Amino acid sequence: MPLEIVRNDITKMKVDAIVNAANESLLGGGGVDGAIHRAAGSGLLAECRTLGGCKTGKAKITGGYNVPAKYVIHTVGPIYNDGKHGEKALLESCYRESLALAKEHQCETVAFPLISSGVYGYPKDQALKVAIDVISDFLLENEMTVYIVIFDKAAYKISEKLISDIAEYIDDNYVDEHTDYSRERIRMNALPPMAPRTRKKKSDIDSFKMCDCKAMLAEDDLDAKLKQIDESFSQMLLRKIDEKGMTDAECYKKANIDRKLFSKIRSDVHYKPSKPTALAFAISLELSLAETEDMLRKAGFALSHSNKFDIIIEYFISKGNYNIFEINEALFAFDQSLLGA
Ligand code: AR6
């Protein structure tokens with residue numbers, strides 16, 4: 001997945017570069033800065049001394065010394081005042097400058113802490129939004145895997161309003177746990193759910209016989225519809241990409257899916273994606289709820305009301321919000337797996 005939110009200690013991340021939320025002196029401090037210097041050892045401080053500090057919003061790079069990452073990128077976030085002193089632009093610049101440095105050094109994987117959201121006081125939900133916005137913009141043009149590392153889940157919060165709206169939606173739609181076995185069956189065996197069978201009334205059958213289906217649909221339409229019934233997940237995906245006038249890259253990037261996985265799906269007509277991958281494409285293509293169900297069915301899945309993950313996805317689709325990163329923030333907040341590969 002090109003952008004992932006993970007819970008971890010950034011000093012333990014096995015990536016090409018970790019980003020440090022430093023101060024202008026670059027000579028160490030508390031928070032994540034202190035943790036990185038402690039883990040990297042005195043060599044890091046010695047190299048930092050040669051750098052001549054760093055301005056707020058800018059970034060500088062050093063070796064990683066004793067941390068698993070090859071590089072440490074030091075960036076200086078703004079001190080949050082009231083949000084009216086250019087804090088957002090400076091914070092955006094921290095992410096942009098750090099990503100540019102990572103790219104310049106051919107990093108394929110980079111991990112960020114939530115810059116400025118500790119000692120510097122930037123509200124965590126807004127800090128996270130800035131991080132997601134800038135990183136996802138960058139990923140539209142660049143191939144890289146970027147992690148946002150959340151140290152302390154309790155300290156992590158997305159907008160209270162969004163949380164309470166989703167919680168309410170879950171409350172209204174969640175079906176009692178007794179039906180959970182059906183969810184498990186769907187998840188484990190990738191089988192479609194068993195829809196309750198309804199017996200057709202005789203009058204329905206008669207009226208069905210009487211109506212001439214072919215006459216209702218133009219022949220071309222009928223052919224197209226029949227073809228769609230037999231269509232595989234991969235075929236439906238490619239058809240929808242064409243119909244939406246998207247390029248492949250636009251689609252897989254918006255789905256937060258990496259190019260290699262997309263190529264696999266493209267070249268294997270029978271490819272069976274995981275449910276989060278199938279849903280990520282449905283979100284990227286901005287499919288309606290009915291179309292999403294259709295696409296999921298092609299992969300052997302269904303949306304269920306006995307599953308919080310599914311209800312959260314349904315919430316976003318019903319609101320017409322197809323921002324996969326916002327959806328992933330919400331899924332993360334509700335302890336659910338994330339969309340994407
Ligand atoms: N791994 C990942 N994230 C962490 C870790 C860790 N090991 N430790 C803390 N965080 P902060 P700032 C999170 O205060 O607000 C320093 O003294 C933490 O929960 O480290 O940019 C510098 O020298 C928070 O969400 O950085 C500066 O003087 C985020 O990292 C000043 O603090 C950033 O919190 C910079 O303040």
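Biologist: In this predicted model, how many nonpolar, polar and charged residues does the shell around the ligand have?

Modeller: The shell mixes all three classes. Taken in order of nonpolar, polar and charged, the residues around the ligand number 10, 8 and 3.

Biologist: Which element gives the most residues to that shell?

Modeller: The space that the ligand takes is the largest pocket. Two elements, β2 (17–22) and α1 (31–40), each give two or more residues to the shell around the ligand. The one that gives the most, with 4 residues, is α1.

Biologist: Which residue has a polar backbone atom 2.7 Å from an oxygen atom of the ligand?

Modeller: Of the 21 residues around the ligand, those that come nearest are G30, V32, D33, S117 and G118. A polar contact is a pair of N or O atoms within 3.5 Å, and a backbone N or O atom of V119 meets that limit at 2.8 Å from a ligand oxygen, as does an N or O atom in the side chain of N23, also lying 2.8 Å from an oxygen atom of the ligand. The residue whose polar backbone atom lies 2.7 Å from a ligand oxygen is V32.

Biologist: Which backbone nitrogen does the side chain of T109 reach?

Modeller: T109 is found in strand β5, which spans residues 109–113. Setting aside neighbours within four places in sequence, T109 is in contact with V15, D16, A17, M144, T145 and Y147. At 2.9 Å, the side chain of T109 reaches the backbone nitrogen of D16.

How values were computed
Residues are numbered from 1 along each chain as its sequence is written. This is a predicted model: local features need pLDDT of at least 70, side-chain atom pairs count only at pLDDT 80 or more; totals for chains, interfaces and linings use all residues. Side-chain values use heavy atoms; hydrogens and water are left out. A residue is near a molecule or strand if one of its heavy atoms lies within 4 Å of it. A polar contact is a pair of N or O atoms within 3.5 Å; within protein, one must be able to donate a hydrogen and the other to accept it, and residues adjacent in sequence count only if both atoms are side-chain atoms. On a 1 Å grid over the protein atoms alone, a cavity is a set of points where a 1.4 Å probe fits but cannot get out, and a pocket is an open set with protein on both sides within 12 Å along at least five of seven lines; lining residues have an atom within 4 Å of a point. A molecule sits in a cavity or pocket if more than half of its atoms lie within 2 Å of its grid points. Ala, Val, Leu, Ile, Met, Phe, Trp, Tyr, Cys and Pro count as nonpolar, Asp, Glu, Lys and Arg as charged, and the others, Gly among them, as polar. Contact means heavy atoms within 4.5 Å.
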